[in-house]
Amino acid sequence: MNTAKKEFENLVYRGIKSQGLDELSSKLLSILYSEPDLLTLEELSTMTGYSFSAVSAEMKMLSGMNVVIKTKKAGSKKLYFSVQRDMLTTTINTVKSKNEFMVIPAIKDLPAIIEKCKKSKAEDAEEMLTIIEEYYKQMIALELIFKNLVEFTERIQMGVNNK
């Protein structure tokens, strides 16, 4: 079983790493995903080989991004960590987060930037306007893609959960 667990953990690690996360975040998330029990910062530090302070800082960042779940057990001062194991929920939350923090602000702010660029007398204003307008079109398309992806994934999730 230990070999299967390690192979699974490595598979999850590679998948997470391919999403652009650094080595420590990827290790922490793959360990949390493959570990059935809640883990403390000390345990995560030992399992990853990273210092307690590095693990603590990374877990603070990951919990702030709602990627990991931080809890306390009754009668203990230690923090315990776990991760959402439902990949469909994780996907939905990731897409919603990208839409909320990247796409929606861009769609809101770009029209004013486009207007400023149109009024600019700068030599490269026309080229810049083309770049910004293209980016704006892409953000509008992404908003539609993200909306449809979330709806599609939620429908599939309901089907999976009903089986």
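Let's start in the middle of a hairpin: Ile69 sits opposite Ser82 of strand S3. This is a predicted model, in which local features need pLDDT of at least 70 and side-chain atom pairs count only at pLDDT 80 or more, while totals for chains, interfaces and linings use all residues. Residues are numbered from 1 along each chain as its sequence is written, and side-chain values use heavy atoms, with hydrogens and water left out.

The hairpin is built from strand S2 (residues 68-72) and strand S3 (residues 79-83), which run antiparallel and are joined by five bridges. Strands here are DSSP runs of E with at least two residues, helices are runs of H or I with at least four, and both are numbered from the N terminus. Two strands count as paired if DSSP finds at least two bridges between them. Six residues lie between the two strands of the hairpin, and Gly75 has a positive phi near 80°.

S3 also has a partner in strand S1 (residues 39-40), again antiparallel, with two bridges. Here Leu39 stands opposite Phe81 of S3. Put together, that gives an open, antiparallel sheet of three strands in the order S1-S3-S2. S1 and S2 are the edge strands, each pairing on one side only. As for S3, four of its five residues are buried, where buried means under 20% relative accessible area, exposed means over 50%, and partly exposed is in between (1.4 Å probe, protein chains only).

Now zoom out. The chain has six helices and three strands, and from the N terminus on the elements run α-α-β-α-α-β-β-α-α. The radius of gyration is 21 Å, well over the 15 Å that the globule rule gives for 163 residues, so the chain is more spread out than a compact globule. That radius is taken over C-alpha atoms, and the rule is 2.2 Å times the number of residues to the power 0.38. Along the principal axes, the C-alpha atoms fill a box of roughly 65 × 45 × 35 Å. Buried residues make up 30% of the 163.

What does the largest nonpolar core look like in numbers? It has 17 residues, and those with the most contacts inside it are Leu28, Leu32, Leu44, Val55, Met59, Val68 and Phe81. Helix H1 (2-17), helix H2 (23-34), helix H3 (41-48), helix H4 (52-64) and S3 each supply at least two of its residues, and the largest share, six residues, comes from H2. A nonpolar core, by the way, is a set of buried Ala, Val, Leu, Ile, Met, Phe, Trp, Tyr and Cys residues joined through side-chain atoms within 4.5 Å.

Leu44 is a handy place to look at this packing: leaving out residues up to four places away in sequence, Leu44 touches Leu28, Ile31, Leu32, Leu39, Val55, Met59 and Phe81. A contact means heavy atoms within 4.5 Å.

H2 itself is mostly covered, with ten of its twelve residues buried. The buried ones include Leu24, Leu28, Leu29, Ile31 and Leu32, along with Ser25, Ser26, Ser30 and Ser34. The length of H2 checks out too: at 1.5 Å a residue its twelve residues should span 16 Å, and its end C-alpha atoms are 16 Å apart, which agrees. The expected span is 1.5 Å times one less than the number of residues.

Over in the other helices, there is a second, separate nonpolar core of 13 residues, with Leu110, Ile132, Phe146 and Val150 among them. Two residues are worth a stop here. Gln157 belongs to helix H6 (residues 125-161). Is Gln157 buried or exposed? At 13% relative accessibility, Gln157 counts as buried. Not counting residues up to four places away in sequence, Gln157 touches Asp86, Leu88, Thr89 and Ile92.

Pro111 is found in helix H5 (residues 87-119), and is partly exposed, with a relative accessible area of 31%. Beyond four places away in sequence, Pro111 touches Ala106 and Tyr136. From Pro111 to Gln19, 92 residues away along the chain, the C-alpha atoms are separated by 30 Å.
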